[in-house]
Amino acid sequence: MTIDWSWIGDHTDDLTTLTLSHLQAALTAVFLGVLISLPLAVVAHRVRPLRGFLLGLSNVLFTIPSIAIFVLLLPVSGLTRTTTVVGLTVYTLVVLLRNTVEGLDSVPVKAKEAAKAMGTRPLRTLLTVEFPLALPVIMAGVRIATVMSISLVSVATYIGDGGLGQLFTDGFQRNFPTPVIVGVVLTLLLAVVADALLVALQYVLTPWRRRQA
């Protein structure tokens, strides 16, 4: 299996466009997943009867094959980027919701009691004590969800989207390995770079862990 390097040089603009499109779909899904999972996790953490229901529902959604989710969304949003993003967002929820709940569970009771003793309101305690202390576990979920979304964007090729996944389709249809190899390499690079940036972000956002170390 050989790579046609001239093909890569001739399609640099196309590769850039597909890479940016791929990244946009993945990051949008993760962003929406975070916005949805944070309030749901707070509810699951504080209202125990709903905990099992919410986590169970997210697990059920995760068992649905990605292609099936995209197909089910077609009558609603059609062959659009919205279908891709909504489908990916559904998949991020199981990881983000569970990790956020576990992160909130890991916050020491003494830390919350100390905030309460100082007269801190519940909402402020959540934002300034619980979320910061739960951040390492939450960020672990964000990292997993991000890498997972980057890998799943390619599946949306079957509905006319898919970012770098279009290179796989093009390569297989023409029995031309270069686009397939390039698509795999770029997808891996996106995942590695995105994960490294999230690790750096977590390092910046958790200075107290550096002091402890």
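# Helix packing and cores in an all-helical model

Helices α8 and α9 are roughly antiparallel to each other. I begin with this pair, and I should say at once that the structure before you is a predicted model. The axes of α8 and α9 lie 7 Å apart and make an angle of about 160 degrees. An angle over 145 degrees counts as roughly antiparallel, and the pair is therefore described in that way. The crossing of α8 past α9 is left-handed.

Which residues bring these two helices together? On the α8 side they are L167, F168, D170, G171, F172 and R174, and these meet P179, V180, V182, G183, V184 and T187 of α9. By character, the residues of this contact comprise 7 nonpolar, 3 polar and 2 charged.

Between α8 and α9 there is a loop, and N175 is found in it. This residue has a phi near 55 degrees, which is a positive value in a residue other than glycine. Is N175 buried or exposed? Its relative accessible area is 71%; the threshold for exposed is over 50%, so N175 is exposed.

Let me now step back to the chain as a whole. Its secondary structure consists of 10 helices and 0 strands. The C-alpha trace spans about 70 × 45 × 25 Å along its principal axes. Of the 213 residues in the protein chain, 42% are buried. If one takes the contacts between residues at least 6 apart in sequence, 76% of them join residues at least 24 apart.

The second helix pair I wish to show is α2, residues 12-46, with α5, residues 81-105. Their axes come within 6 Å and cross at roughly 40 degrees. That angle makes α2 oblique to α5. In handedness, α2 passes α5 in a right-handed crossing. The contact of α2 with α5 involves 18 nonpolar, 10 polar and 2 charged residues.

I turn next to the interior. The largest nonpolar core has 28 residues. Which of them have the most contacts inside this core? They are W7, F70, L88, I150, L152 and L167. At least two residues of the core come from each of α2, α4 (66-77), α5, α7 (122-152) and α9 (177-205). Apart from this core lies another, of 20 residues, and L96, V101, L126 and L198 are among its members.

I150 merits a closer look, as one of the residues with the most contacts inside the largest core. Setting aside residues up to four places away in sequence, I150 touches H22, A26, T187, L190, A191 and A194. Of these partners, T187 has already been named, as one of the α9 residues that meet α8.

The last residue for discussion is S154, which lies in the loop between α7 and α8 (165-174). Is this loop residue buried or exposed? The relative accessible area of S154 is 11%. Buried means under 20%, so S154 is buried. Which residues does S154 contact, once its neighbours within four places in sequence are left aside? They are H22, G162, L164, G165 and F168. H22 is also among the residues that I150 touches, and F168 is one of the α8 residues that meet α9.

To close, I would set two loop residues side by side. S154, in the loop between α7 and α8, is buried, whereas N175, in the loop between α8 and α9, is exposed.

Notes
Residues numbered from 1 in each chain as written. Predicted model: local features only at pLDDT ≥ 70, side-chain atom pairs only at ≥ 80, totals over all residues. Heavy atoms only, no water. Axes fitted to C-alpha atoms, helices over the stretch in contact; angles between N-to-C directions. Helix = DSSP H or I, 4+ residues; strand = E, 2+ residues; numbered from the N terminus. Parallel < 35°, antiparallel > 145°, perpendicular 65-115°, else oblique. Left-handed = near helix turned anticlockwise from the far one by under 90°. Nonpolar A, V, L, I, M, F, W, Y, C, P; charged D, E, K, R; others polar. Core = buried A, V, L, I, M, F, W, Y, C linked by side-chain atoms within 4.5 Å. Buried < 20%, exposed > 50% of the residue type's maximum accessible area, 1.4 Å probe, protein only. Contact = heavy atoms within 4.5 Å.
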